[in-house]
Amino acid sequence: MNIVLCGMPGSGKTTVGGQLAKSCSLVLVDTDEEIVREHGEINGIFATYGEPYFRDLESAVCKRLGARDGQIISTGGGCLLRGINAAYLKANGKIVYLRTQPETLISRVQGDTSRPLLAGDAKAHIYELYAKRKAIYEAAADIVVDTDPLTPEQVAEEILKKV
């Protein structure tokens, strides 16, 4: 079985994924890192080919990873915008939504230039994305963990209790 982490940019998917990987002795795979390894930097992909092309690459990665077993999968923030990606990832896994409030997300991503959808006014973009994505994450999730009051280690513990 895979544990698949979803949530907004800055929700702690990669950090919590690292904690889970250590606790479970599983490999951590990050969908964004897979795309970068195979196709180059995300900002460059967005600039050259646009978001739909990036989402196609993301779907291909989800299909490939969902067919495997025994991984912690950290998804990109927009990965579940396509329902087919959730289906791919649920094939061998449980999806965990790391629910994080916008104010916490803003404090974590301020000044991060590696996230193309947050370029410019990150605060406004976070609120906009949160409004659009919250219901999508909740609908896809098998498990929801509220991360705001917790450390990454505590979030990982909560996930392991519920999986």
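Q: How many helices and strands are in the protein chain?
A: Happy to help: there are 8 helices and 5 strands, where helices are DSSP runs of H or I with at least four residues and strands are E runs of at least two, numbered from the N terminus. This is a predicted model, where local features need pLDDT of at least 70, side-chain atom pairs count only at pLDDT 80 or more, and totals for chains, interfaces and linings use all residues. Residues are numbered from 1 along each chain as its sequence is written, and side-chain values use heavy atoms, leaving out hydrogens and water.

Q: And in what order do the elements run from the N terminus on?
A: The order is β-α-β-α-α-α-β-α-β-α-α-β-α.

Q: Thanks! Switching to α5, which of its residues are buried?
A: Helix α5 covers residues 83–90, and N85, A86 and L89 are buried there; buried means under 20% relative accessible area with a 1.4 Å probe, protein chains only.

Q: Why do they line one face of the helix?
A: Down the axis of α5, the buried residues fall within an arc of 100°, so they line one face; the arc is that of the directions from the helix axis to the C-beta atoms.

Q: Nice, and what do those buried residues pack against?
A: They pack against β1 (2–6), α4 (51–66), β3 (71–74), β4 (93–99) and α7 (122–140), with contact meaning heavy atoms within 4.5 Å.

Q: Back to the protein chain, what percentage of residues count as buried?
A: That would be 44% of the 163 residues.

Q: What does its C-alpha trace span along the principal axes?
A: About 40 × 35 × 25 Å.

Definitions and conventions: Buried < 20%, exposed > 50% of the residue type's maximum accessible area, 1.4 Å probe, protein only.
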